[in-house]
Amino acid sequence: MCGIVGYIGARNVKDVVVGGLAKLEYRGYDSAGIAVIDEGNIQVVKSVGRLANLEDKLASMEISGQAAIGHTRWATHGKPSDENAHPHQDCSGRFAIVHNGIVENYLSLREELIAAGHQFNSETDTEVVAHLIEELYNGDLFQTMIEVGKRIRGAYALVVLAKDHPDEIIAMRKASPMIIGLGENENFVASDIPAILEYTRDIYVMEDGEMAVLTTAGVECFTMDGEPVHKEVYKVTWDAVSAERGGYPHFMLKEIHEQPRAVRDTLRGRIAEDFSRVQLDELKLDDAFMKAVDRIHIIACGTSWHAGLVGKAVIESYARIPVDVEIASEYRYRRPLFTPNTLVIVISQSGETADTLAALREVKRQGRRVLAITNVVGSSAEREADDVIITWAGPEIAVASTKAYTTQLIALYLLGIKMAHVRGEIGDDKVRELLKGLEDLPQATEQVLDTAPQLERFAQRYVDTMDTFFIGRSLDYSVAMEGALKLKEISYIHAEAYAAGELKHGTLALITEGVPVIALATQPDLYEKTVSNIVEVKARGAFVLGMTWIGNEDLEKTVDEVIYLPKTLPELAPILAVIPLQLLAYYAAVARGNDVDKPRNLAKSVTVE
Ligand code: F6R
């Protein structure tokens, strides 16, 4: 899950590459490096730590050239260090490469290359590729790279500079994202679009098993066997500013505040004007198939998995189809049972999460139909699934997922309502009621954002707290799980989510004087039951922040503080209830002085197992 940028053209290559890397730091940030080719010499500069360390090093150096490649790393093989930072070189220094992914057969290649006299400087899997290029090089870089592609196994987005070929950059892609940016007398390559958006909106999305040769004159694409490939230009419609922080101190806060817009965009065009039906016209899934579906497997990781839990409740209760929600890294290693008409839904913000993709591929191999819910057009999930619902959240940069979750819920609601309608499980009136409820959500999410000052105040309790609990029943329990994950990942506070009725079976022993408990009570039919569980924690001294709908002041009798949510249909409450939990995690992390957008040990796009 590293970030790659390459540039060939007349601009200041250092500025283009380092600037691009800055936009990709969400992909990895434990070290960074750059290689520049100038008049036949390759100069490599790298530094452990954040990109700023590399920039400091570069500030005092005279570097110019006509082509450069850069990398921001998230360690897989070999700890974060200067030596393990990319670019990597061969023994002669004639080649420099950057790589995202994992070379699975690197150990055997390394032994072979050492036996052939190569000397290694790092612990990385990537360095074998540099030496392999050197070993196989026959004067023709393109042919050499075809041979290299035949020898390495695993996942890679690979970009190569060669001393003897100062006028070209070669890029190869297998199971790791990579795009090409097309300019005039200049061209770009990168792991993701924001890196190059400042310069161009014309993109080639590289497919698995493709390679590209970039020169100032143009870009040619090929299969890994060297057969030319015709590519369509994809025009990016979002602007560079939308990928920036937009005035907020952190991307996460900006993205939390973007949720009204993101929810609105994800709904746009998908509800009939008279609220009579869901319009998911992009789906190839026809009514006959929707009627025939007899089981659904939802597969995802992390926050997307939490969205799946809400999806299960929605689909089961509206469409009456049994749903299993599976963690992708577990699912892919067992032998799932399929019914004759199982539909598999994968949920992935990035569309590049390795475990989710592996599960998707295995399911497809078994001939099953896959629908992907993803935020990234052109991602692997989007391209490989049979059907896709795009969540129009826009680029999500903060590591902690926020707007992706709420828009994933919207996609699941729309799908659940559509399936239920087609199957005759809900009538026109219920469809109308639900769709009107969805239509009101952007406005309601705006209102929920007004709770920010209250949460900022409450978050001060977390400056010195190391344990906290989130409780709720039914849909509130699913949202509680997401709230606990948010708090854990950015504030580093141990947080557990519990089904409120389950506490008394063990966990209640952990509730002592002053332990903060967040209690979700947004579901009217379960309200009284939840209140009894809140009373149980209060009796053990917990300090409770409750959450319920506006008008239900009854909760004030039981808890220490209340967050009020705008009224909505109980089924839709998760979209509103999660927002205060995101804000709480955000302000707790800020209060503790943490790096909110780049929490320790985590990276945005998990493209390794
Ligand atoms: C948590 C978070 C992660 C991701 C997970 C799956 O805030 O962002 O748990 O949800 O890594 O990522 P995607 O959805 O890109 O497959």
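Biologist: Let's start at the hairpin of strand 2 and strand 3: which residue takes a positive phi there?

Modeller: First, a caveat: this is a predicted model, where local features need pLDDT of at least 70, side-chain atom pairs count only at pLDDT 80 or more, and totals for chains, interfaces and linings use all residues. Residues are numbered from 1 along each chain as its sequence is written, and side-chain values use heavy atoms, leaving out hydrogens and water. Strands (E, at least two residues) and helices (H or I, at least four) are DSSP runs numbered from the N terminus. The hairpin has two residues between its strands, and the one with phi near 45° is E39.

Biologist: How many bridges join strand 2 to strand 3?

Modeller: Two strands pair if DSSP finds at least two bridges between them. One bridge here sets A35 against V44 of strand 3. Strand 2 (residues 31-38) and strand 3 (residues 41-48) run antiparallel, and the number of bridges joining them is eight.

Biologist: And on the strand 4 side, what stands opposite G33?

Modeller: Strand 4 (residues 67-73) runs antiparallel to strand 2, with seven bridges between them. In strand 4, the residue opposite G33 is H71.

Biologist: How many residues of strand 2 are buried?

Modeller: Buried means under 20% relative accessible area, exposed over 50%, and partly exposed in between (1.4 Å probe, protein chains only). Strand 2 has eight residues and is mostly covered. Its buried count is seven.

Biologist: Moving along the chain, which residue does H86 join through a cis peptide bond?

Modeller: Omega is about 0° at that bond. The partner's place is in the loop between strand 4 and strand 5 (88-89). That partner is P87.

Biologist: Which elements do the buried residues of helix 4 pack against?

Modeller: Helix 4 (residues 127-136) is mostly covered, with eight of its 10 residues buried. Among them are V128, V129, L132 and I133. Contact means heavy atoms within 4.5 Å, and the elements packed against are strand 5, strand 6 (95-103), helix 3 (106-115), helix 5 (141-151) and strand 7 (154-162).

Biologist: What does I203 stand opposite in strand 15?

Modeller: Strand 11 (residues 202-205) pairs antiparallel with strand 9 (residues 179-182) over three bridges, and there I203 faces G181. Strand 11 also pairs antiparallel with strand 15 (residues 234-235), over two bridges. In strand 15, the residue opposite I203 is Y234.

Biologist: Now the ligand. Which helix gives the most residues to the shell around it?

Modeller: A residue is near the ligand if one of its heavy atoms lies within 4 Å of it. Of the 14 residues around the ligand, S304, S348, Q349, T353 and E489 come nearest. Helix 9 (302-319) and helix 16 (475-491) each supply at least two. With three residues, the top contributor is helix 9.

Biologist: How many charged residues does that shell have?

Modeller: Ala, Val, Leu, Ile, Met, Phe, Trp, Tyr, Cys and Pro count as nonpolar, Asp, Glu, Lys and Arg as charged, and the others, Gly among them, as polar. On that split, the shell has four nonpolar and eight polar residues. The charged count is two.

Biologist: How much of the ligand's accessible area does the protein cover?

Modeller: Polar contacts are pairs of N or O atoms within 3.5 Å; within protein, one must be able to donate a hydrogen and the other to accept it, and residues adjacent in sequence count only if both atoms are side-chain atoms. Ligand oxygen atoms lie 3.1 Å from a backbone N or O atom of T303, 2.4 Å from a side-chain N or O atom of T353 and 2.9 Å from a backbone N or O atom of S401. Of the 410 Å² accessible on the ligand alone, the protein covers 90%. Those areas come from the Shrake-Rupley method with a 1.4 Å probe, and for residues only the protein chains shown count as cover; the covered share is 90%.

Biologist: Is L414 buried or exposed?

Modeller: L414 sits in helix 13 (residues 403-422). L414 touches T266, L267, R270, I271, V278, L280 and L438, not counting residues up to four places away in sequence. Because the relative accessible area of L414 is 0%, the residue is buried.

Biologist: Where is R320, and is it buried or exposed?

Modeller: R320 has phi near 55°, a positive value in a residue other than glycine. Its place is in the loop between helix 9 and strand 17 (323-327). Because the relative accessible area of R320 is 53%, the residue is exposed.
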